[in-house]
Amino acid sequence: MAKFIYILKRLGAMLLTLIVIYVISFVLIKLLPVEKPMGQGNQARIEEARREALGYNKPIMEQLWIYTRNIITKWDWGTSWKIDYMADVGDVIATRLPPTILINVYSLLFSIPMGVILGIFAAIKKNKWQDQVISVLIMLFISVPSYVYAFLVQYILGFKAGWFPLVVSSLYDAGGSWFSWTMFHSMILPVLSLSFGDIAGLARFTRAELTEQLSSDYMLLARTKGLTRSQATVRHALKNAMVPILPSIISMFVGVLGGSLVIEQIFGVPGIGALFLKSINLKDYDVFMATSMFYTVIGLAANILIDLSYGFLDPRIRMGER
Amino acid sequence: MDINNIPHEKLQFAEGGLQLHDQKFETKPIGFLKDAWLRFKKNKGSIVAAIIILFIIAFAVLGPLFSSYAVSDSDANYTLCRPDLGLGLPFWNGDKEMRLNDNYVALLYGIGYGAEDPDGTGNVKWQQAVDSDYACIVNVKDSVMESGMHYTYCDVDTVMRVGFSYQTITMKEFEKIREWEKETGIRVIYPMVDTENEFCMDPDDANFWYKCIGKSPMTANGGRASLEYLQSAGYVDNYKRDADGNIMFYVNKDKTMINTRVLYYNYYRYMHEGSTPTHIFGTDGQGYDIFIRLASGARISLLLAFGVSIINLTIGAFYGAIEGYYGGITDMIMERISDILADVPFIIVATLFQQHFVQTGKVSAFTGLLFAFVLTGWLGTAYRVRTQFYRFKNQEYVLAARTLGASDMRIMWKHIFPNSLGTIITSSVLVIPSVIFSESMLSFLGIVNFQSKDMTSIGTLLSNGQKYLSTDPHVIFFPALVISLLMISFNLFGNGLRDAFNPSLRGTEE
């Protein structure tokens, strides 16, 4: 019961934060100069009617009320004026989600096992040369910005060697499917560039946690009881080390929706990050508002999930108790 | 002797009346900072990182002293020049490997050929053109046949490739150049080309000084010249001649201005008092010198990072100290405020700041970005300081100070705050790479615009260089190298500091 109340409390706090950010963003965005209608003739009249319905000419607080009401009653996030002319913002975002999610899921499927295995290997070989090599690599890949190795990968594997296309192919070129071979092939470079950072981060985390567990007293006890080193490591140390690692992996899966702005920009991925940038550059404010909220919700959800999963995974943490 | 009856005159104190005090330590005291320094010194990686950081800072601050260019200098002729150290090394010498078709080879050889013959006499041997100081083709490599076309791989000098150019100047200027030519013996003015006849391939490109037919050079009797023909018989010039057949060196444009044709390399020397164009890191697509632009960009990034770090430290220290020291309801309210702030996505804040304050011209891009970073940046410092204050505020020495009548302020800053100094310093150092990274990312994405004649940032350089990634990777290489080095060394340095300020690690290395 305490657990349940705690979760409710956290969700309540999240909602409060979300509302504050929502209101502030909305007001700030609406304070920006409004773009003139672009349509002509009949089109202009439709556009004007739509603007009127969204309350574009009313005071900002009234607009906020209309916008919020539309979201709650009709799940209507406004209209895109520039990116997809007169399209519903919800649909605009929905069409941009698949490439972002796909690339990030591919990257996670590759980087999670790689990162964890490298981390375990380094921890077992602590202070030997293997560990030192891995540690230096981890240091390099964590520090070097992701766009730098995105450039490297694009130049070496894409341009010099010519193994992969330089940018992600369009849906049309890939035969209309996100899951075709052409699409997958063109996604390998962005997936690689995304993975390096994740692998390094995860490996460092795993290594730190596992070395701590390996040197604790219960390991000595396990060995005294007659377990072999590998048995003790897998059954005891690894299990305990996973307690803080799993929540971060879970939050990585939430982060899948957000994607990486830089990687999408470099490889021309038509995803949510590109949409965000485009909405800023083209001053398509409803899209900007909706994508901003999208990013905010993802960030908040990831935070909550980390906290909650700690409580579920680690029996020592009693949620909601003081 | 009877111990109970010692005669008075025999009783003597062993110390002879000396007063005994504690002896002073003969060793020197090791203070907090010295202790940290001793531990920091042992970490070789951090020392190297610190040296690299100092080196990059020196490059950013002193770079302009070592360059003959200013940040705003751009030369539309010298775009995408390769890096040239100017030492005549086999690499880093301003050469670019290019795949050229025969017409282009002829064009490039033509530059050296024409440059050797400033008076248009036509008496130039092929070898002279090849060995010319102004030759573009430095090194000829393999040739290949591809889909029926003959291509040659050549190393081309990217500065000399510019060759000739048309300049519109005044007659006075023309005479000044002639004067300078006499003084130095360097020829700047070359014969004008007859741009109006049918043999001129491109009236805007001064490098087509020879007669062309189609796209190829022309032979003396009007055919297409092969490279072998050019080698034996040379080019047929297309210079403009007056009625008497004398070569003209300028054409009147209007009343005051004249059109001339100059060898741009020498014209550059004339304009810059004899100095030659050398770009250590090359030039970018707009003809800016990358070395000086990079120094300026690194300066902006570092300035921003240090500024953010100092402001965050100040705000965070005050906020965290008040939270931690007073606790209770004050703490709760302040914590809720920072909870909400912590969840605001930085990228959206930065974007809104740019849209509202920078694009409307209220503040500069730099200030706008600084505010965006500060808005949520101090939370980390505040959190750490708060923890430290919670830990120390109930200790006996604080109680003792309070009993002696010390004010809250004095207890906070004199007694508790020094205990959190280590964590604060470490976190402020680690803020620097994250700010540099975020700034470069935002300007790379174009959310923040640092692109102007007098200012740039590393992220802007990267995004400008992205379009030349496949043809001229040097444009992106140097900015990427500098930012990677900065990130690596600041992280190493920060980690070293963290270990150095952590007294619990004392003696663990041995």
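**Chain B: buried cysteines and a three-stranded sheet**

Hi everyone, let me start with a cysteine: B:Cys154 is buried, with a relative accessible area of 1%. Keep in mind throughout that this is a predicted model.

What is the distance from the sulfur of B:Cys154 to the closest cysteine sulfur? That sulfur belongs to B:Cys136 and lies 11 Å away, which is too far for a bond. With a cut-off of 2.5 Å between cysteine sulfur atoms, the count over all chains comes to 0 disulfides. B:Cys81 is likewise in no disulfide, and its nearest cysteine sulfur, again that of B:Cys136, is 12 Å away. B:Cys81 is buried too, at a relative accessible area of 1%.

Now for the sheet, if you'd turn to chain B with me. Three strands form an open, antiparallel sheet there, in the order β1-β3-β2. Which strands stand at the edges? They are β1, residues 95-101, and β2, residues 137-146; each has a single partner strand, so one side of each is left without a neighbour in the sheet. From one strand to the next, the twist averages 20°.

Let's look at one of those pairings. Strand β3 of chain B covers residues 149-157, and 7 bridges join it to β1(B), with the two running antiparallel. To pick out one position, B:Arg99 has B:Tyr153 in β3(B) as its bridge partner.

Finally, what packs on this sheet? Helix α3 of chain B, residues 102-115, does, and it touches β1, β2 and β3 of that chain. The direction of α3 makes about 130° with that of β1(B).

Thanks for listening, and I'm happy to go back to any of these views!

Notes
Residues numbered from 1 in each chain as written. Chains lettered and ligands numbered in written order. Predicted model: local features only at pLDDT ≥ 70, side-chain atom pairs only at ≥ 80, totals over all residues. Heavy atoms only, no water. Pairing = 2+ DSSP bridges. Helix = DSSP H or I, 4+ residues; strand = E, 2+ residues; numbered from the N terminus. Axes fitted to C-alpha atoms, helices over the stretch in contact; angles between N-to-C directions. Contact = heavy atoms within 4.5 Å. Buried < 20%, exposed > 50% of the residue type's maximum accessible area, 1.4 Å probe, protein only.
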